[in-house]
Amino acid sequence: MSRRVVFAVAQLGPIHLDSSRKAVVKRLVDLMREAHARGAKWVTFPELALTTFFPRYVYNDVEEYDRFFEEELPSPETQPLFDCARELSIGFYLGYAEKTVIDGKVRRFNTSVLVSPNGDIIGKYRKIHLPGTKDPIGDAEFEHLEKRYFEVGDLGFPVHKSEVGRIGMCICNDRRWPETFRVMALKGAEVFMLGYNTPTRNIHYNEPAHLREHHHRLSLESAAYQNGAWVMAAAKCGSEDGFTMIGGSAIVAPTGETVARAVSEDDELITHNCDLDLGAYIRRSVFNFAKHRRIEHYGLITTQTGVEIEE
Ligand code: ING
């Protein structure tokens, strides 16, 4: 008897600078209710799902950008989402900007949490691959300053046991780095959940627009196939105060085939009745890690950061 579970990916349209948490949380709750109506047991929301993608702006004082961070989760504003999850018995992934105190020091991360169907936080991940720059590049219509506002995640790539199997989380740019998924697959992850905010235009090099979608899809489908796992990817997209981000939210099977894809750049729910055993043959054969991997030849992957040409 295969383990079939309906998963939902809840894409969010734009969140503007003047959007209130209350209004955003209502959108999230509406999407969760729609997911429930379609029989979903888990919902994946986007990265930074409570605010606009503020790393596109230059802020010099923390007082200017502190408002984008959550000091507690759930908070009074986000509690309705947790209450709804418990009422409907739905688990969810939520991306948000985390402000926390560790050993008396304020720390800030681009974070996601995994919340079980009874509303408890069972997992947390802090984004490791922070793209862009710490300082503004200056000659572009927007910036990408995640290295300015967030620290590199300090929790590794954890995998969490749930009633639907082992779930791993990552965030946005992490999906471009195969190491992300391989580490989680080596811990037995069967489902990867991720949110993303991907600007339509690349400010660092003149790249044809169609490649944004291509590289996004390539990253998801490769990750799914090469690790024999399901990928749930939720975009926050559309034009946020005039700055556009790609949609393309998707559910990708362990075969590498995209089985559901959003068609808009607005709030949109996609679902699929996923066979959680579909990846088993892939992990038993072509990507049987124990049988085929040759770690004695992979040393450079963890001992060398950049390219070093051997003369
Ligand atoms: N956004 C983008 C992403 O990785 C990016 C940044 C886009 C980097 C394209 C490189 C190329 O999808 C976030 N938030 O990481």
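Q: Which residue just after α3 takes a positive phi?
A: In this predicted model, Ser89 follows directly after α3 and has a phi of about 55°.

Q: Which residues of helix α3 are buried?
A: Helix α3 spans residues 79-88, and its buried residues include Leu81, Phe82, Cys84, Ala85 and Leu88. Buried here means under 20% relative accessible area.

Q: What makes these residues of α3 lie on the same side?
A: Their directions around the axis cover an arc of only 160°, so they are on the same side of α3. In an α-helix there are 3.6 residues a turn, so residues three or four places apart point the same way.

Q: What covers the buried residues of α3?
A: The cover includes helix α1 (21-37) and the strands β3 (91-102), β4 (105-115) and β5 (121-126).

Q: Why is Tyr65 called buried?
A: The relative accessible area of Tyr65 is 11%. The cut-off for buried is under 20%, so Tyr65 counts as buried.

Q: Where is Tyr65, and which residues does Tyr65 touch, not counting residues up to four places away in sequence?
A: Tyr65 is in helix α2, residues 62-65. With those sequence neighbours left out, Tyr65 touches Tyr59, Arg108 and Tyr149. As for Leu50, 15 residues from Tyr65 along the chain, the two C-alpha atoms are separated by 14 Å.

Q: How do you know that Cys170 is in no disulfide?
A: A disulfide needs two cysteine sulfur atoms within 2.5 Å. By this rule the count is 0 disulfides. For Cys170, the nearest cysteine sulfur is that of Cys172, 9.1 Å away. Cys170 has 0% relative accessibility and therefore counts as buried.

Q: What is the nearest cysteine sulfur to Cys237, and is Cys237 buried or exposed?
A: The nearest is again that of Cys172, 12 Å away, and Cys237 is in no disulfide. At 0% relative accessibility, Cys237 counts as buried.

Q: Why is Ile295 called exposed?
A: The cut-off for exposed is over 50% relative accessible area. Ile295 has 59%, so the residue is classed as exposed. Ile295 is found in the loop between α8 (289-292) and α9 (300-303).

Q: Which residues form a nonpolar patch on the surface with Ile295?
A: Tyr298 and Ile301 form the patch with Ile295, and together the three have about 310 Å² of accessible area. What makes this a patch is that its members each have over 30% relative accessible area and no salt bridge, with nonpolar side chains joined within 5 Å. The 59% of Ile295 is over that 30% cut-off, so Ile295 meets the area condition.

Note on methods:
Residues numbered from 1 in each chain as written. Predicted model: local features only at pLDDT ≥ 70, side-chain atom pairs only at ≥ 80, totals over all residues. Heavy atoms only, no water. Patch = residues over 30% accessible without salt bridge, like charges linked within 9 Å, V, L, I, M, F, W, Y side chains within 5 Å. Areas by Shrake-Rupley, 256 points an atom, 1.4 Å probe, with all protein chains shown as cover. Salt bridge = Lys/Arg side-chain N within 4 Å of Asp/Glu carboxyl O. Helix = DSSP H or I, 4+ residues; strand = E, 2+ residues; numbered from the N terminus. Buried < 20%, exposed > 50% of the residue type's maximum accessible area, 1.4 Å probe, protein only. Arc of directions from axis to C-beta. Contact = heavy atoms within 4.5 Å.
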